[in-house]
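This briefing walks through one protein model, from its overall layout to individual residues and their charged pairs. Please keep the sequence and the structure in view while reading.

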Amino acid sequence: MLLDNPDLPETARKDLRVILQEAQRTKQIVQNLLSFARQMPPQRNAVQLNLILRRTIQLRSYDFNSHGVDIVEHLDEDFPMSTATLIKLQQVFLNILNNA
């Protein structure tokens, strides 16, 4: 509802978008845990790897900036869609970034 407020500054709007994305990601993690407990097969969809990677980098951007880490992207914009479980792939990227 806050995102619908026209008086909201763009910086706050950007932060709210990240909060919304992460709330949705958290929801998906919980659903994955429930699916695992019930042994349901994962849902695979067509995903854009560049978009997932950019969202994951955005999630970690504050920590990177506070530690003086600059991220330089060299992504192929014509990279084809892939079939994957979005949240699991994002977790893989997050693990790679955390370990780097």
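Two residues are taken to be in contact when heavy atoms of theirs lie within 4.5 Å. The model is a predicted one, and its protein chain has three helices and two strands, which follow one another from the N terminus in the order α-β-α-β-α.

**Overall layout**

- The C-alpha trace of the protein chain spans about 45 × 35 × 30 Å along its principal axes, and buried residues account for 21% of the 100 residues in the chain.
- About 7,800 Å² of the protein chain is exposed, and carbon and sulfur atoms supply 57% of that area.
- Of the contacts in the protein chain between residues at least 6 apart in sequence, 76% join residues at least 24 apart.
- The protein chain carries 11 positive and 11 negative side chains, and the centres of these two sets are 11 Å apart.

**Gln43 and its surroundings**

- Gln43 is placed in the loop between α1 (10-38) and β1 (45-47), and because its relative accessible area of 64% is over 50%, Gln43 counts as exposed.
- When neighbours within four places in sequence are left aside, Gln43 is in contact with Ala84 and Thr85.
- Gln43 and Ala23, which are 20 residues apart in sequence, have C-alpha atoms 19 Å apart in space.

**The nonpolar core**

- The largest nonpolar core consists of six residues, namely Val47, Leu49, Ile52, Ala84, Leu89 and Phe93, and α2 (49-66) and α3 (86-99) each supply at least two residues of this core.
- In soluble globular proteins, nonpolar side chains tend to be buried together.
- Ala84, a member of this core, touches Gln43, Arg44, Asn45, Val47 and Leu89, if residues up to four places away in sequence are not counted.

**Residues of helix α2**

- Asn50 is located in helix α2, and because its relative accessibility of 14% is under 20%, Asn50 counts as buried.
- Apart from its neighbours within four places in sequence, Asn50 is in contact with Leu75, Asp76, Glu77 and Phe79.
- Leu53, also in helix α2, is in contact with Leu75 and Phe93 when neighbours within four places in sequence are left aside.
- Although Leu53 and Gln90 are 37 residues apart along the chain, their C-alpha atoms are separated by 7.0 Å.

**Salt bridges**

- A search of the whole structure finds six salt bridges, among them one between Arg13 and Glu10, whose closest N and O atoms are 3.8 Å apart.
- Arg13 and Glu10 both lie in helix α1, three residues or about one helical turn apart, and Arg13 is buried, with a relative accessible area of 13%.
- Glu22 and Arg25 form another salt bridge, with their closest N and O atoms 2.6 Å apart, and these two residues likewise lie three residues apart in helix α1, about one turn of the helix.
- Both partners of that pair are buried, Glu22 with a relative accessible area of 14% and Arg25 with one of 15%.
- In helix α2, a salt bridge joins the side chains of Arg60 and Asp63 at 2.6 Å, N to O; because Arg60 and Asp63 are three residues apart in this helix, about one helical turn separates them.
- Arg60 is partly exposed at a relative accessible area of 21%, and Asp63 is partly exposed at 28%.
- Glu10, Arg13 and Arg17 are joined into one network by salt bridges that share partners.

Terms used: Residues numbered from 1 in each chain as written. Predicted model: local features only at pLDDT ≥ 70, side-chain atom pairs only at ≥ 80, totals over all residues. Heavy atoms only, no water. Helix = DSSP H or I, 4+ residues; strand = E, 2+ residues; numbered from the N terminus. Buried < 20%, exposed > 50% of the residue type's maximum accessible area, 1.4 Å probe, protein only. Core = buried A, V, L, I, M, F, W, Y, C linked by side-chain atoms within 4.5 Å. Areas by Shrake-Rupley, 256 points an atom, 1.4 Å probe, with all protein chains shown as cover. Lys, Arg positive; Asp, Glu negative; His and termini not counted. Charge placed at Lys NZ, Arg CZ, Asp CG, Glu CD. Salt bridge = Lys/Arg side-chain N within 4 Å of Asp/Glu carboxyl O.
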